[in-house]
Amino acid sequence: MSSFPNGFLWGGAVAANQCEGGYLEGNKGLATIDVVPIGKDRFPVMLGKMKMFECDNEHYYPSHEAIDFYYNYKEDIALLAEMGFKTFRLSIAWTRIFPNGDDASPNEEGLKFYDNVFDECKRYGIEPLVTIAHFDVPMNLVKTIGGWKNRKMVDYYIKYCKVIFNRYREKVRYWLTFNEINMLIHLPFVGAGLVFEEGEDEQAIKYQAAHHQLVASAKATKIAHEINPDFKIGCMLAAGNTYANTCAPQDVWKSMEKDRENYLFIDVQSRGEYPNYAKKMFERMNIEIRVEYGDEEILKENTVDFISFSYYSSRLTSADPEINAETAGNVFATLKNPYLNASEWGWQIDPLGLRITLNSLYDRYQKPLFIVENGLGAVDSADENGNIADDYRIEYLRDHIKAMKDAVNEDGVELIGYTTWGCIDLVAASTGQMKKRYGFIYVDKDDDGNGTLERRRKKSFYWYKEVISSNGEKL
Ligand code: BG6
């Protein structure tokens with residue numbers, strides 16, 4: 001008997017801005033990510049510290065062509081089908097549907113593009129899992145109303161949701177309202193189109209923007225269920241439990257606080273209200289969230305159907321400010337854990353941490369879980385015959401799938417699917433690099449934009465195919 005339930009959704013994930021390219025094709029409008037360059041200015045822009053509202057000739061913007069999925073989707077989906085994908089997570093680029101965000105009517109060419117993509121998935125029996133907003137905000141709305149700091153964003157987002165829910169009513173069942181909603185706190189321009197002026201209370205602006213997204217997410221959930229009661233709506237957390245650096249109670253307390261910074265979002269989306277610890281935290285920070293009449297009811301009555309999350313690594317924290325040997329990790333500050341190895345980008349590898357995270361989330365929410373991102377960003381190189389033997393990636397994924405299996409078999413966690421991140425190589429969100437590769441499929445392109453864009457199967461391609469066909473038994 002297989003460890004994973006029948007119908008378990010094996011697959012992979014991408015995001016429009018990291019794979020599509022064609023950034024102005026088919027009447028698409030400019031999105032936040034299209035003005036985020038590679039290089040030294042990338043982080044200041046992503047943090048909302050440096051204003052870059054237009055593209056210039058001095059910078060290179062990786063999203064503009066990305067891996068050209070816009071023109072290659074048929075070939076790419078055929079390759080995913082060859083691996084036996086049951087599901088494919090992708091996002092809709094908001095600015096393909098509403099190029100300026102506030103347009104009177106949607107852009108038919110954009111809608112048609114996703115019709116074609118979903119039809120292609122259907123041809124192979126692949127269930128689409130669609131992220132409605134994956135790190136993109138229409139630039140026009142950033143310029144004119146300041147992005148998600150403005151309440152009007154809720155209406156624009158809902159208008160967009162209504163259009164895509166109706167249009168793809170029969171083609172898509174699984175939806176995620178916001179990718180890694182907690183990322184807004186760490187990369188505010190990326191998560192919410194926020195840019196700060198000197199002297200502004202950044203925390204207050206971020207949490208107000210978060211409130212707008214939480215209300216938008218709940219309203220979208222309500223409308224989705226009205227449009228099609230079979231729709232399954234999920235939230236999405238950048239997850240990974242925070243460990244305490246020592247067993248000193250102060251460290252344990254600190255790790256709990258760190259986890260709550262992230263849980264806060266899912267607590268609202270899954271339980272329907274701000275937890276008391278969040279209200280107290282806002283008090284301490286002197287933040288007064290402007291809550292409109294009816295918000296509390298909306299949040300309470302429209303909680304999500306399932307909890308999805310990304311997992312790359314666990315985190316480590318200390319109460320002692322002197323201890324600051326930080327390493328990288330999905331934009332979250334974390335200490336170096338001496339018990340773990342790390343990827344070439346310093347992200348610490350912790351498969352048991354995935355089992356711990358699955359259990360924590362299931363204990364807390366008691367709703368089905370969906371791992372919608374997991375994987376190893378690594379440099380791949382081909383041998384003289386052009387073969388890419390990415391055994392390190394296979395090992396990473398194998399260990400994480402084993403941990404997942406333990407969570408399901410030994411702990412009784414309800415898990416509905418697993419989509420590895422960047423199933424086809426794409427642009428890295430944090431660094432903008434191509435050489436940080438996650439895929440089973442290699443794409444010939446480098447960090448400067450050179451390459452033929454040719455697709456090539458890696459060793460992991462054949463391995464994952466077996467994993468799927470054996471429902472996770474052959475690892
Ligand atoms: C998640 C994002 O934060 O991590 C993805 O949802 C991103 O968009 C992924 O690509 C991996 O991060 P990176 O920076 O290695 O691409």
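Which side chains does a polar contact of 2.9 Å join? I went looking and found Asp267 and Arg364, joined through their side chains. Note to self before going on: this is a predicted model.

**Entry 1: Asp267**

I stayed with Asp267 for a while. I find it in helix 11, which runs over residues 249–271. Its relative accessibility comes out at 0%, so I put Asp267 down as buried. Besides the contact with Arg364, I noted a polar contact of 2.8 Å from the Asp267 side chain to the side chain of Tyr277. I then listed what Asp267 touches once residues up to four places away in sequence are dropped: Gly272, Glu273, Pro275, Tyr277, Arg364 and Tyr365. So both polar partners, Tyr277 and Arg364, turn up in that list. I also checked the spacing to Ala278, which is 11 residues along the chain from Asp267; the C-alpha atoms are 9.8 Å apart.

**Entry 2: Asn241**

Next I looked up Asn241. I place it in the loop that links strand 5 (232–239) to strand 6 (242–244). Buried or exposed? I have Asn241 as buried, because its relative accessibility is 11% and the cut-off for buried is under 20%. Its side chain makes a polar contact of 2.8 Å with the side chain of Ser360. Leaving out neighbours within four places in sequence, I count among the contacts of Asn241 Asp259, Tyr263, Ser314 and Arg315. Ile356, Thr357 and Ser360 are on that contact list too.

**Entry 3: Gln18**

I moved to helix 1, residues 16–19, where Gln18 sits. With a relative accessible area of 3%, Gln18 is buried. What is Gln18 in contact with, leaving aside its neighbours within four places in sequence? I wrote down Ala66, His134 and Trp421, then Leu426, Val427, Ala428 and Ala429. For a long-range check I took Pro368: it is 350 residues from Gln18 in sequence, and the C-alpha to C-alpha separation is 28 Å.

**Entry 4: two positive phi values**

I picked out Asn27 and Asp68 for their backbone. Phi of Asn27 is near 70°, positive although the residue is not glycine. Asn27 lies in the loop between helix 1 and helix 2 (42–46), and I have it as partly exposed, at 49% relative accessible area. Phi of Asp68 is near 65°, again a positive value in a residue other than glycine. I find Asp68 in the loop between helix 2 and helix 3 (69–82). Asp68 is buried, with a relative accessible area of 15%.

**Entry 5: the protein overall**

Last, I stepped back. How many helices and strands does the protein have? I get 16 helices and 16 strands. The radius of gyration is 21 Å, close to the 23 Å that the globule rule gives for 475 residues, so I can call the protein as compact as a globular protein of that length. The C-alpha trace spans about 60 × 55 × 50 Å along its principal axes.

Of the 475 residues, 61% count as buried. I also checked the contacts between residues at least 6 apart in sequence: 75% of them join residues at least 24 apart. The exposed area is about 18,700 Å², with carbon and sulfur atoms supplying 48% of it. For charge, I noted 55 positive and 71 negative side chains, and the centres of the two sets lie 3 Å apart.

Note on methods. Residues are numbered from 1 along each chain as its sequence is written. This is a predicted model: local features need pLDDT of at least 70, side-chain atom pairs count only at pLDDT 80 or more; totals for chains, interfaces and linings use all residues. Side-chain values use heavy atoms; hydrogens and water are left out. Helices (H or I, at least four residues) and strands (E, at least two) are DSSP runs, numbered from the N terminus. Buried means under 20% relative accessible area, exposed over 50%, partly exposed in between (1.4 Å probe, protein chains only). Contact means heavy atoms within 4.5 Å. The radius of gyration is taken over C-alpha atoms; the globule rule is 2.2 Å times the number of residues to the power 0.38. Accessible areas come from the Shrake-Rupley method with a 1.4 Å probe; for residues, only the protein chains shown count as cover. Lys and Arg count as positive and Asp and Glu as negative; His and the chain ends are not counted. The place of a charge is taken as NZ of Lys, CZ of Arg, CG of Asp or CD of Glu. A polar contact is a pair of N or O atoms within 3.5 Å; within protein, one must be able to donate a hydrogen and the other to accept it, and residues adjacent in sequence count only if both atoms are side-chain atoms.
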